[in-house]
Amino acid sequence: MDATVFEWVQGRLASVLELDPSEITPTSHLADDLDADSIDLIETINAAETQFGTKIEEQELYDLETAGQLAELIERSMPR
Amino acid sequence: MSRHQVPTGTPPEHHEAGVALVTGGASPLGRAAAAALEAAGHRVVVTWHRTPVDDRPAVRCDITDADAVAAAFAGVEAEHGPIDVLVANAGVGHLGPLVTTHPDDVRSVIDVSLVGAALCAAEAARRMRRRRYGRIVLVGSVAALHGPAGLSGYAAAKAGLIGLARSLAREVGSRGVTVNVVAPGLLEGSAVTGDDRSSSQATVEAWIADTPLRRLGTFAEAAAAIELLARPTASFVTGAVLPVDGGYAMGAT
């Protein structure tokens with residue numbers, strides 16, 4: 001996992017969820033640990049589109065479980 | 001329940017009396033709602049569009065412009081603190097039969113009264129979700145389900161607010177944000193009943209005769225219902241339509 005992308009995800013989630021970034025690790029469970037819901041994740045991928053030019057469909061979020069998986073999804077969706 | 005979750009509608013521990021934002025602050029009901037919320041201890045800021053408000057904190061905002069709405073919310077929060085109550089009161093009506101109404105008038109009524117309320121509710125919900133607390137009160141109307149002749153666009157917009165409230169209530173409920181509709185009936189001094197009233201005296205009298213409480217309502221009575229739903233203790237009421245109509249539409253809402 002790209003550390004820069006994860007740090008960005010960490011910062012976005014911290015902002016959206018009003019958490020301290022240190023509370024968010026790659027293994028943090030989005031729903032159970034962070035209380036993130038689908039609206040939070042859609043806000044995050046919309047921001048990723050602006051930041052990285054990624055195109056992620058909402059359906060791709062359904063199976064995500066951890067913050068690390070979210071970062072990996074963004075990383076592999078980046079334009080080459 | 002995860003460690004970050006709080007019971008629905010419980011103000012956060014750091015919660016201090018937040019800001020109540022009332023759109024349409026120059027209108028009689030906007031003024032009454034602002035006064036009722038102030039009396040209940042809220043810090044109130046109102047928005048206005050055509051008629052300036054100078055007797056309480058106010059910001060000019062075209063609520064049909066999403067960027068303007070976002071800027072107004074950001075400005076109010078920067079200056080006054082977090083908005084934890086939104087009263088979406090701003091709206092316009094157009095009187096006349098639909099078949100003789102200009103298409104632009106149909107559009108403008110829906111644009112202000114429904115789309116404008118949706119844009120404000122979206123911006124409020126976006127912010128309240130993060131803080132896991134909020135009260136959104138949409139000002140509907142008995143017209144929504146009664147469907148008075150001559151007010152088709154207005155009735156359509158007000159009916160639309162009910163669907164909007166219910167969908168949004170489901171979307172944000174897990175974050176302690178409630179969304180409800182207050183549906184006033186005919187009020188003294190309103191566009192329908194006031195000095196420049198649009199309805200005949202006979203129409204108003206027939207309406208009163210069909211009202212169990214046998215009178216028109218007041219802006220203060222509608223405002224009291226708004227304030228009620230804005231309370232922290234109104235924490236298990238969401239997606240509701242609260243008529244304030246003297247019983248006129250009983251059974252139809």
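**View 1. Helix α7 of chain B lies across five named strands.** In this predicted model, α7 (residues 219-230) touches β1, β4, β5, β6 and β7 of chain B, where contact needs C-beta atoms, placed from the backbone, within 7 Å. Helix α7(B) runs at about 170° to β6(B); angles run from 0 to 180 degrees between N-to-C directions, with axes fitted to C-alpha atoms, for helices over the stretch in contact. Helices (H or I, at least four residues) and strands (E, at least two) are DSSP runs, numbered from the N terminus.

**View 2. Chain B holds an open sheet of seven strands.** The order is β3-β2-β1-β4-β5-β6-β7, with parallel pairing (two strands pair if DSSP finds at least two bridges between them). At the edges, β3 (58-60) and β7 (241-244) each pair on one side only. From one strand to the next, the twist averages 20°.

**View 3. Strands β1 and β4 of chain B run parallel.** Four bridges join β1 (residues 19-22) to β4 (residues 83-88). B:Val22 has B:Val87 as its bridge partner in β4(B).

**View 4. Helices α1 and α2 of chain A cross at roughly 135°.** The axes of α1 (residues 3-17) and α2 (residues 38-52) come within 10 Å. The two helices are therefore oblique to each other (not under 35 degrees, over 145 or 65 to 115). Residues of α1(A), including A:Trp8 and A:Leu13, meet residues of α2(A), among them A:Thr44 and A:Ala47.

Residues are numbered from 1 along each chain as its sequence is written, and chains are lettered from A and ligands numbered from 1 in the order in which they are written. Local features need pLDDT of at least 70, side-chain atom pairs count only at pLDDT 80 or more, and totals for chains, interfaces and linings use all residues.

Key
Two residues are in contact if their C-beta atoms, placed from the backbone, lie within 7 Å.
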